[in-house]
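Please follow the fold below sheet by sheet, and then through the helices that pack against the sheets and against one another.

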Amino acid sequence: MEIPSLQGFEREPGLMTMEKPLKKDDGQSLRIGVPREVANEERRVALAPSGVGALVANGHEVYVEQGAGRQAHFQDDEYEESGAELVEEPDDLYSQSDLIVKVGPPDEEEMGLLQQGQILISALNLGGTTPEFLRHLMRLRITGIGFEFIRDPDGTFPLVRMMHEITGSMSIQIAGRYLESNEGGKGVMLGGISGVPPATVVILGAGVVGEWAARTALGYGAHVIVLDSELGSLRALEHYLDRSITTAMASDHYLRQAVGSADVVIGAMMAGGERSPMLVTEDMVASMSPGGVIVDAVMDQGGCIETSRPTTHSDPVYRRHDVIHYCVPNMPSNAARTATYALSHVLVPYLLHIGEAGSINEALWRDEGLRNGTYVYRQHLTKKSLASMFGMNHRDIELLIASGI
């Protein structure tokens, strides 16, 4: 485990007074900013009106940029009725907030709006992260908490799991659509019909994305093959799905055999806190029959298929070796309302914990999930995986918060 327990550490008395409190002088309100998402056609918003209402009911102030929830079909008046203050300009929202909570990482323009010492909670999207982005946060002494890293004491990644359940299910719906003849696919139904065999769906990865892709594909009646490099994960998935799937180790031999026979390939292979491993080579893709479909569902982590490159919701597919590739990094954005509710359900308790603690240092001390989620703290990078990826130095988060640095 990358972040060890804090048991055995003791803080020096008075260290907490070195940190500026999160709350205003009246001691009653954490100021939370919810900006409108602008990058990569993102349609989700970090908090639904119900989540805002829960925060306001607990004495916090929530600023929501006008139109932030519109693409998820949440109207401004719903946020106002929940107690939010609507803000017209993003720079006003950033300047008024102690904490920014958003879906995607800040783009170049938003990075210029971040304030000294703010807390930023968002996805990091490892596939697009740069050392310049991390250094910018460190220069501003920002505490960055990434969705991908928030891990609770039971070992689960709650935000990742919610989004991955959606991604896994959507990947099969998308694949079924692009298999159709009018989309340039081979004209095959996922489930087949009486006397006609179903499509073969090959899923790379037996994690949450792979599990929900398999569940959905089985629901359609497809023949499902799941490959993973961990035998235990395959065994567990077989148990969950009552041995309704075919499993194999993700060796070169089995990968070539499975991909070559596939109508659909779903890229779902993850490596916790790191870039996705590249499993499928270009020559494997070339062995697929014309009109087949690839959905690389882990493009936000870099993708696991050599021929994958990021696409957008407005231009989601391209063909390579006459195989349709769908590689949109933020797939849950197309189920924006469902995904926003899911985000709110998980994020609100963490935000309440931060508010109750009174300072981010104290919040990280108390809450293991938030502590695990922190990748930048003050002027330090705190994730070994990121440090290794970019050749940067890092410091252990537990030592930093124990010393009050």
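Which residue takes a positive phi in the hairpin of β14 and β15? Arginine 378 does, with a phi near 55 degrees, in a hairpin that has 2 residues between the strands. This is a predicted model, in which local features need pLDDT of at least 70 and side-chain atom pairs count only at pLDDT 80 or more, whereas totals for chains, interfaces and linings use all residues. Residues are numbered from 1 along each chain as its sequence is written, and side-chain values use heavy atoms, with hydrogens and water left out. Helices (H or I, at least four residues) and strands (E, at least two) are DSSP runs numbered from the N terminus, and two strands are taken to pair if DSSP finds at least two bridges between them.

The hairpin belongs to an open sheet of 8 strands with mixed pairing, whose order is β3-β2-β1-β4-β5-β6-β14-β15. Its edge strands are β3 (85-87) and β15, each of which pairs on one side only. Strand β14 (residues 374-377) and strand β15 (residues 380-381) run antiparallel and are joined by 2 bridges, with tyrosine 377 standing opposite histidine 380. Strand β6 (residues 143-146) is likewise joined to β14 by 2 bridges in an antiparallel arrangement, and here isoleucine 145 stands opposite threonine 374. Strands β4 (residues 99-101) and β5 (residues 119-122), by contrast, pair in the parallel sense over 3 bridges, and isoleucine 100 has leucine 120 in β5 as its bridge partner. Helix α11 packs on this sheet, touching β1 (31-34), β4 and β5, and its direction makes about 165 degrees with that of β5; contact here means heavy atoms within 4.5 Å, and angles run from 0 to 180 degrees between N-to-C directions, the axes being lines fitted to C-alpha atoms, for helices over the stretch in contact.

A further open sheet has 7 strands in the order β9-β8-β7-β10-β11-β13-β12, again with mixed pairing. Because β9 (246-249) and β12 (317-320) stand at the edges with a single partner strand each, one side of each is left without a neighbour in the sheet. Neighbouring strands of this sheet are turned by 20 degrees against each other on average, direction ignored. At one edge, strand β8 (residues 223-228) runs parallel to β9 and is joined to that strand by 4 bridges, with leucine 227 opposite alanine 248. Strands β12 and β13 pair in the antiparallel sense over 4 bridges, and valine 317 stands opposite tyrosine 326 in β13. In the hairpin of β12 and β13, which has 2 residues between the strands, histidine 321 takes a positive phi near 55 degrees. Helix α6 packs on this sheet, touching β7 (200-204), β10 (264-267), β11 (293-296), β12 and β13 (323-326), and its direction makes about 155 degrees with that of β11.

The helices that pack on these sheets also meet each other. The axes of α6 (residues 158-178) and α11 come within 10 Å and cross at roughly 170 degrees, which means that α6 is roughly antiparallel to α11, the term for angles over 145 degrees, while those under 35 count as roughly parallel, 65 to 115 as roughly perpendicular and the rest as oblique. Among the residues in this contact are Met162, Met163 and Ile166 of α6 and Leu343, Val346 and Leu347 of α11. By class the contact divides into 11 nonpolar, 1 polar and no charged residues, where Ala, Val, Leu, Ile, Met, Phe, Trp, Tyr, Cys and Pro count as nonpolar, Asp, Glu, Lys and Arg as charged, and the others, Gly among them, as polar.

Helix α6 also packs with helix α7 (residues 208-220), at an angle of about 35 degrees and with the axes 7 Å apart. Their contact has 7 nonpolar, 7 polar and 3 charged residues.

Helix α11 (residues 336-357) packs with α1 (residues 49-57) as well, at about 15 degrees and with the axes 9 Å apart, so α1 is roughly parallel to α11. Ser50, Gly51, Ala54 and Leu55 in α1 meet residues of α11 including Tyr341.
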